[in-house]
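User: Could you take a close look at how strands pair up in this model, and then work outward to what surrounds them? I'd like one connected walk-through that I can follow with the structure open.

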Amino acid sequence: MVDSSELKIRKTALNGVHRAMGAKMVNFGGWDMPVEYPATGGLVAEHKAVRGGVGIFDVSHMGDIRIYNERSSGAGLAAVQHITMNDASHLAIGQAQYSAMLYPAGTFVDDVIVHRLGEDDFLLVINAGTREKDVNWVLENTKAFDCTVENLSDSYTQLAIQGPRAIDVAQKLARPNLSALKNYWFTHGEVCGLQNVLIARTGYTGEDGFEIYVPSDVKTSEDVWAKVMDAGREFGIVPCGLGARNTLRLEARMSLYGHEISENINVWEAGLARFCKIEKGDFVGSDALKKEKAEGLKRTLVGIEMIDRGIARDGYGCSNEAGEPIGVVTSGSPSPTLGKNIGLAFVPPAMAGLGATIYVDIRGQKCKSRVVPTPFYKREKTAGPNLEK
Amino acid sequence: MTYPAGYRYTKDHEWIEAKGDLGTIGLTDYAQSKLGDLVFVELPKVGDAVEAGKPLGTVESVKAASDIYAPVSGEVLEVNGSLKDAPEKINSDPHGAGWLIKVRLKNLAELKALMDGPAYEAYLALPEQEGSH
């Protein structure tokens with residue numbers, strides 16, 4: 001089979017910057033992206049910088065879809081309500097929420113962050129690997145609504161500045177008062193001399209931080225990157241790749257498409273019920289989810305910590321004491337923060353109790369692990385109430 | 001880093017230094033730099049048989065687990081036990097202190113199928129090398 005992503009690999013505007021810094025590059029969902037920057041310490045140093053200081057990620061491969069009705073007829077909101085599972089009607093202008101787009105079976109097209117730009121104007125930030133699929137799916141499923149759908153994915157260079165010192169770095173470059181911005185809220189303002197830049201207090205690391213959206217031309221993108229690096233120098237900022245992004249999100253138990261969520265995994269199994277508002281009215285996937293709920297959960301996602309030596313990895317099988325197969329690991333890695341080997345796995349609800357023993361099949365060896373509470377890592381809250389839900 | 005001319009190399013980036021029928025096996029500098037900082041090593045036991053081209057063990061970085069392939073067939077005589085607590089030795093000294101196992105070769109002719117230092121460096125310089133591992 002020909003993999004189209006191999007034929008035409010895509011690059012962000014900062015590709016030259018990554019390569020100049022000696023980043024190790026990988027093909028991620030058809031994008032040539034940095035996995036780590038060995039010259040500035042590599043994956044573990046990047047992870048620790050974000051937990052203890054600040055790091056910067058190029059996440060321009062993420063996609064952006066705007067859905068709106070110019071006359072604020074409400075059709076934009078109605079469309080968003082129809083295609084996402086959280087309740088966007090509760091969002092104030094300037095507020096964002098974690099949500100997901102579902103297939104009729106209640107399984108995942110993708111997870112998204114929905115931003116309310118205006119009364120009837122929304123921006124959905126989507127994953128890189130699912131961009132084309134997502135855009136087509138949104139176009140198809142909003143046909144019945146009198147709304148405009150714009151694919152803005154190529155318009156923005158998206159930078160994530162993450163870590164407890166992210167606010168110090170971002171505030172040096174941004175005119176709006178960022179300490180007034182609550183978690184999962186955003187504003188538009190001046191950043192690095194650019195006007196009307198979207199600045200959101202969001203991220204994928206389990207840490208405080210900001211995501212900024214600047215024009216995607218190479219000159220602007222490189223200029224903003226350099227200014228962030230400059231502003232961050234006194235706080236020890238390091239560039240961070242997809243490797244650290246993955247270990248950070250895993251410690252915070254955030255889902256990764258193709259692992260904890262996919263077209264074969266439903267909302268209840270993924271443990272994302274708190275972001276799914278069945279009571280808001282019908283949306284794509286809601287009927288199946290009601291039915292699934294009535295039938296009861298067949299498998300559930302748990303956090304595990306290895307007791308035996310060994311690292312659980314995506315796709316490894318899980319078994320019980322008797323050696324019978326009971327599930328599968330969806331993500332696994334050493335945790336740089338905890339110094340333990342952690343993972344997420346699908347197991348039957350009966351095996352999901354805290355402290356339950358689960359054996360992970362690591363290259364033919366049954367290695368013991370136990371079910372532990374998640375998130376594996378939770379930062380101390382500093383920045384006002386968490387209103388992401 | 002240079003690749004010792006007296007070692008023999010595989011396309012999977014293992015090296016073997018053979019003296020008579022005794023061979024020391026390790027990962028090349030190219031391999032360790034591609035893998036990144038290693039955090040875990042799984043090696044065979046003394047007395048185990050390894051077979052040319054078949055996995056003899058595993059190394060893991062934070063990011064991923066990777067198989068190590070045996071450059072030759074033989075019996076494991078010694079295992080570098082210090083790697084259990086210090087797998088980073090493979091990163092810092094891949095062609096020396098980061099060696100993996102010592103074997104008694106079963107078939108010396110297998111060495112002929114492997115590359116010498118200059119041939120391996122030429123192999124690394126091939127454009128298709130980039131991204132193929």
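Analyst: Strand S6 (residues 55-61) of chain B runs antiparallel to S7(B), and 5 bridges hold the pairing. To find your place, look for Gly57(B), which sits across from Ile68(B) in S7(B). Do keep in mind that this is a predicted model.

That pair is part of an open sheet of 3 strands in chain B, ordered S4-S6-S7 with antiparallel pairing. At the edges you'll find strand S4 (38-42) and strand S7 (65-69) of chain B, each pairing on one side only. Going from one strand to its neighbour, the average turn is 25°, ignoring direction.

Now step across to chain A. What does each chain put into the contact between them? Chain A supplies 13 residues and chain B supplies 9 residues. On the chain A side, the elements that give two or more residues are strand S2 (31-36), helix H3 (43-52), helix H8 (242-251) and strand S16 (325-335). Sorted by class, that side of chain A holds 6 nonpolar, 4 polar and 3 charged residues.

Helix H8 of chain A deserves a pause. 9 of the 10 residues of H8(A) are buried, so the helix is largely enclosed by the rest of the structure. The buried set isn't just greasy side chains: it includes Arg245(A), Asn246(A), Thr247(A) and Glu251(A), along with Leu242(A), Leu248(A) and Leu250(A). Just past the helix, Arg253(A) takes a positive phi of about 55°.

Chain A has an open antiparallel sheet too, this one with 5 strands in the order S5-S6-S7-S4-S8. Its edges are strand S5 (96-102) and strand S8 (148-151) of chain A; each has a single partner strand, so one side of each is left without a neighbour in the sheet. Here the twist averages 30° from one strand to the next.

For the same kind of close-up as in chain B, go to the S8 end. Strand S4 (residues 63-68) of chain A pairs with S8(A) in the antiparallel sense, over 4 bridges. A handy landmark is Tyr68(A), which faces Thr148(A) in S8(A).

Which helices lie on this sheet? H4(A) is one of them, touching S4, S5, strand S6 (108-118) and strand S7 (121-126) of chain A. The direction of H4(A) makes about 130° with that of S4(A). H5(A) packs on the sheet as well and touches S4, S5, S6, S7 and S8 of chain A. The angle between the directions of H5(A) and S4(A) is about 10°.

Is Lys133(A) buried or partly exposed? Lys133(A) belongs to helix H5 (residues 131-141) of chain A. Lys133(A) has 14 other C-beta atoms within 10 Å, so it counts as partly exposed; burial would take 20 or more. If you want a sense of distance, the C-alpha atoms of Lys133(A) and Gly55(A) are 30 Å apart, with their positions 78 residues apart in sequence.

H4(A) comes back when you look at the interior. The largest nonpolar core has 113 residues, and among those with the most contacts inside it are Leu124(A), Leu159(A), Ile161(A), Ile199(A) and Ile212(A). Helix H4 (residues 75-83) of chain A gives the largest share of this core, 6 residues. A second, separate core of 29 residues includes Tyr9(B), Trp15(B), Ile25(B) and Leu38(B).

Take Ile199(A) from the largest core as a way in. Beyond its close sequence neighbours, Ile199(A) contacts Phe186(A), Thr187(A), Val191(A), Phe210(A) and Ile212(A), among others. Follow the link to Thr187(A), which lies in strand S10 (residues 186-191) of chain A. Thr187(A) has 16 C-beta neighbours inside 10 Å and therefore counts as partly exposed. Besides Ile199(A), the partners of Thr187(A) from farther along the chain are Gly94(A), Pro176(A) and Leu181(A). Arg201(A) comes 14 residues away along the chain, and its C-alpha atom is 8.9 Å from that of Thr187(A).

Finally, zoom out on chain A, which has 10 helices and 19 strands. The radius of gyration of chain A is 21 Å, close to the 21 Å from the globule rule for 389 residues, so chain A is as compact as a globular protein of that length. The C-alpha trace of chain A spans about 65 × 50 × 50 Å along its principal axes, and 51% of the 389 residues count as buried. Among contacts in chain A with a separation of 6 or more, 66% link residues 24 or more positions apart.

Definitions and conventions: Residues numbered from 1 in each chain as written. Chains lettered and ligands numbered in written order. Predicted model: local features only at pLDDT ≥ 70, side-chain atom pairs only at ≥ 80, totals over all residues. Core = buried A, V, L, I, M, F, W, Y, C linked by C-beta atoms within 7 Å. Buried ≥ 20, exposed ≤ 12 C-beta atoms within 10 Å, placed from the backbone. Contact = placed C-beta atoms within 7 Å. Nonpolar A, V, L, I, M, F, W, Y, C, P; charged D, E, K, R; others polar. Pairing = 2+ DSSP bridges. Axes fitted to C-alpha atoms, helices over the stretch in contact; angles between N-to-C directions. Rg over C-alpha atoms; globule rule 2.2 N^0.38 Å. Lists of a residue's contacts leave out its neighbours within four places in sequence.
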